[in-house]
Amino acid sequence: MHNFRTKFIAAGALALSLGLGAVSAMAQEFINVLTGGTSGVYYPLGVALSEIYGKGIEGARTQVQATKASVENLNLLQQGKGEIAFALGDAVKLAAEGNTEAGFPGKLDKLRGVAAIYPNYIQIVASKESGIKTLADLKGKSLSVGAPASGTELNARAIFAAAGLKYEDLGRVEYLPFAESVELIKNRQLDATLQSAGLGVASIRDLATSVPINVVAVPAQDVAKIGSPYLSVTIPKGTYEGQTEDVPTAAVGNFLITHADVSDETGYQMTKLLFENLDQLTAAHAAAKAIDLAKALDGMPVPLHPGAERYYKEKGLVK
């Protein structure tokens, strides 16, 4: 009896180790793409990426996960619950620093960079009748800064600090999503809205066709004070109805991020296939038009993944 039991346990242990071996071999080729809400930009681009990786990486099985975007994605990467994720640059920086106010339990030390992709423009728009033309003009006025602790509101805090302003300087602060902010301005219940989004965002287009607007400048010297990952950019004239001149503002890059436990080869393939299939990504969402190999390392807040670094060396971007 004893002998039989020993053999049985040994056989079980062998089966278990063989099973685990098979699982780990498969796990190396499993790519979970972490995105955002299904109505945003991250999700359709994530679907396109998963199709590109499924076809282009031998033996890879891919899936797309809809999430609450940047903060959740980075926490999931640290836990090894995804292989590649979309995230806003300042969220990545705060994650690496372990900023608990932004929603991180501690320093996320496994995050590794794949590529800078396209920028979110910080767009501050006021009704013309409010008389707001500059950041200083916001004093005593009402402004919506986005949902509390959202990517947009983190952007608002940074812009205010650089301009030497505080929320207390405003007449009223609202923490509202884009569409609701626009409705309040149309109804003359709010003076201005700050939105972090792609150029030509539907909410501001809608506002500009309803009431005369001013697009408020964020001067380059204020953007420089914030530093990486914020960049100085221009909202070209005519982006919105009634916008007759170029307006300087800040942008924060969106990034594709992976983690240190993803193999070098998979990291290399994920980076290479991204840049070899930009037409497929642009077909999924117009924001992908801004993805450019020459800018792939701009403002990268975390160390590069070794596989990504190998690709950039081949392309002459990294010495």
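Okay, so which residue is the bridge partner of Ala87 in strand 10? Phe255 is the one. Before I go on, keep in mind that this is a predicted model.

Let's stay with strand 10, which covers residues 247–259. Of its 13 residues, 12 are buried, so the rest of the structure largely encloses this strand. Who are its partners? Strand 3, residues 84–88, runs antiparallel to strand 10, and 4 bridges join the two. That's where our Ala87 and Phe255 pair sits. Then there's strand 4, residues 111–127, again antiparallel, with 8 bridges to strand 10. Over there, Tyr121 is partnered with Ala251. And strand 9, residues 230–235, pairs with strand 10 in the antiparallel sense over 6 bridges. In that pairing you'll find Thr234 opposite Pro248.

Now, on to a pocket. The second largest one has a volume of about 240 Å³. It's lined by 15 residues, and the closest to its centre are Asp90, Leu94, Leu154, Ala158 and Tyr230. Helix 4 (89–97) and helix 5 (151–162) each give at least two residues to that lining, with helix 4 supplying the largest share, 4 residues. As for the mix, we've got 7 nonpolar, 3 polar and 5 charged residues.

Last stop: Ser181, in helix 6, residues 178–186. Is Ser181 buried or exposed? Buried, because its relative accessible area is 1%, and the cut-off for buried is under 20%. Leaving out residues up to four places away in sequence, Ser181 touches Ser144, Leu176, Leu190, Thr193 and Gln195.

How values were computed: Residues numbered from 1 in each chain as written. Predicted model: local features only at pLDDT ≥ 70, side-chain atom pairs only at ≥ 80, totals over all residues. Heavy atoms only, no water. Buried < 20%, exposed > 50% of the residue type's maximum accessible area, 1.4 Å probe, protein only. Contact = heavy atoms within 4.5 Å. 1 Å grid on protein atoms, 1.4 Å probe; cavity = no way out; pocket = protein on both sides within 12 Å on 5 of 7 lines; lining within 4 Å. Points joined across faces, edges and corners; volume = space filled by probe spheres on them. Nonpolar A, V, L, I, M, F, W, Y, C, P; charged D, E, K, R; others polar. Pairing = 2+ DSSP bridges.
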